[in-house]
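Here are my notes on the model you sent over, set out as numbered points. I hope they are handy to have beside you while you look through it.

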Amino acid sequence: SMSMIYITVGMPGVGKSLLIKAIMTSLAYSGVTFYIVKCSDVCSKYFGDSERFVGALFRKAKAMSPCLIILDEIDALFKER
């Protein structure tokens, strides 16, 4: 199986989400499973919870292959601490 990562970057309102929705629409009937995850929902204040969630997500995606994981608001993962 093949894995790819696509990252959309830009200011709010330039069409990043619209692009992702267009990709999802074009793949809707091809048997691809989609997981849309807001990164702010992944972040946990408890040690190891975020890593466990992401690990479980990727294991499930591998089992459901072909699968597309969409990490929305990824900038939330890289906030300054």
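1. Let's start with Asp49. In this predicted model, Asp49 has a relative accessibility of 29%. That value lies between the 20% and 50% cut-offs, so Asp49 counts as partly exposed. Its partner is Arg52: the two form a salt bridge, and their closest N and O atoms are 2.8 Å apart. Arg52 reaches 52% relative accessibility and therefore counts as exposed, the cut-off being over 50%. Why do Arg52 and Asp49 lie about one helical turn apart? Because they are 3 residues apart in helix H3. If you search the whole structure for salt bridges, you will find 1.

2. Now for the overall layout. The protein has 3 helices and 2 strands, and from the N terminus on these elements follow the order α-β-α-α-β. Of its 81 residues, 16% are buried. The accessible surface comes to about 7000 Å², with carbon and sulfur atoms holding 62% of that area. Among contacts with a separation of 6 or more, 63% are between residues 24 or more positions apart.

3. Please take a look at the strands next. E1 and E2 (residues 67-72) run parallel and are joined by 6 bridges. Within this pairing, Val37 stands opposite Leu71 of E2. Which residues of E1 are on its covered face, and which are on its uncovered one? Thr33, Tyr35 and Val37 are on the covered face, while Phe34, Ile36 and Lys38 are on the uncovered face.

4. The nonpolar core deserves a point of its own. The largest one has 5 residues: Tyr35, Val37, Val42, Leu57 and Ala61. Strand E1 (33-38) and helix H3 each contribute at least two residues to this core. Val37 is worth clicking on here: not counting residues up to four places away in sequence, Val37 touches Val42, Phe53, Leu57, Ile70, Leu71 and Asp72.

5. Val42 is another member of that core, and its place is in helix H2 (residues 39-42). Is Val42 buried or exposed? With 7% relative accessibility, Val42 is under the 20% cut-off and so counts as buried. Setting aside neighbours within four places in sequence, Val42 is in contact with Val37, Ser50, Phe53 and Val54. For one of these, Val54, the C-alpha atom is 7.5 Å from that of Val42, and the two residues are 12 apart along the chain.

6. There is also a nonpolar patch on the surface that you may want to find. Phe53, Val54 and Phe58 form this patch, and together they have about 260 Å² of accessible area. Two of its members, Phe53 and Val54, are also contacts of Val42. Phe58 belongs to helix H3 (residues 49-63). Its relative accessible area is 45%, so Phe58 is partly exposed.

7. A small point on the backbone: Ser65 and Pro66 are joined by a cis peptide bond, with omega about 0°. Pro66 sits in the loop between H3 and E2.

8. Finally, have a look at the N-terminal part. Thr8 is in the segment before helix H1 (16-27), and with a relative accessible area of 32% Thr8 is partly exposed. Leaving out neighbours within four places in sequence, Thr8 is in contact with Lys16, Leu19 and Ile20. How far apart are Thr8 and Asp72 in space? Their C-alpha atoms are 9.8 Å apart, and the two residues are 64 apart in sequence.

9. Ile20 takes us from Thr8 to the second strand. Ile20 is in helix H1 and touches Thr8 and Ile70, not counting residues up to four places away in sequence. Ile20 and Ile70 are 50 residues apart in sequence, with 8.2 Å between their C-alpha atoms. The relative accessibility of Ile20 is 22%, which means that Ile20 counts as partly exposed. Ile70 also turns up among the contacts of Val37, a residue of the largest nonpolar core.

Notes: Residues numbered from 1 in each chain as written. Predicted model: local features only at pLDDT ≥ 70, side-chain atom pairs only at ≥ 80, totals over all residues. Heavy atoms only, no water. Helix = DSSP H or I, 4+ residues; strand = E, 2+ residues; numbered from the N terminus. Buried < 20%, exposed > 50% of the residue type's maximum accessible area, 1.4 Å probe, protein only. Contact = heavy atoms within 4.5 Å. Patch = residues over 30% accessible without salt bridge, like charges linked within 9 Å, V, L, I, M, F, W, Y side chains within 5 Å. Areas by Shrake-Rupley, 256 points an atom, 1.4 Å probe, with all protein chains shown as cover. Salt bridge = Lys/Arg side-chain N within 4 Å of Asp/Glu carboxyl O. Core = buried A, V, L, I, M, F, W, Y, C linked by side-chain atoms within 4.5 Å. Pairing = 2+ DSSP bridges.
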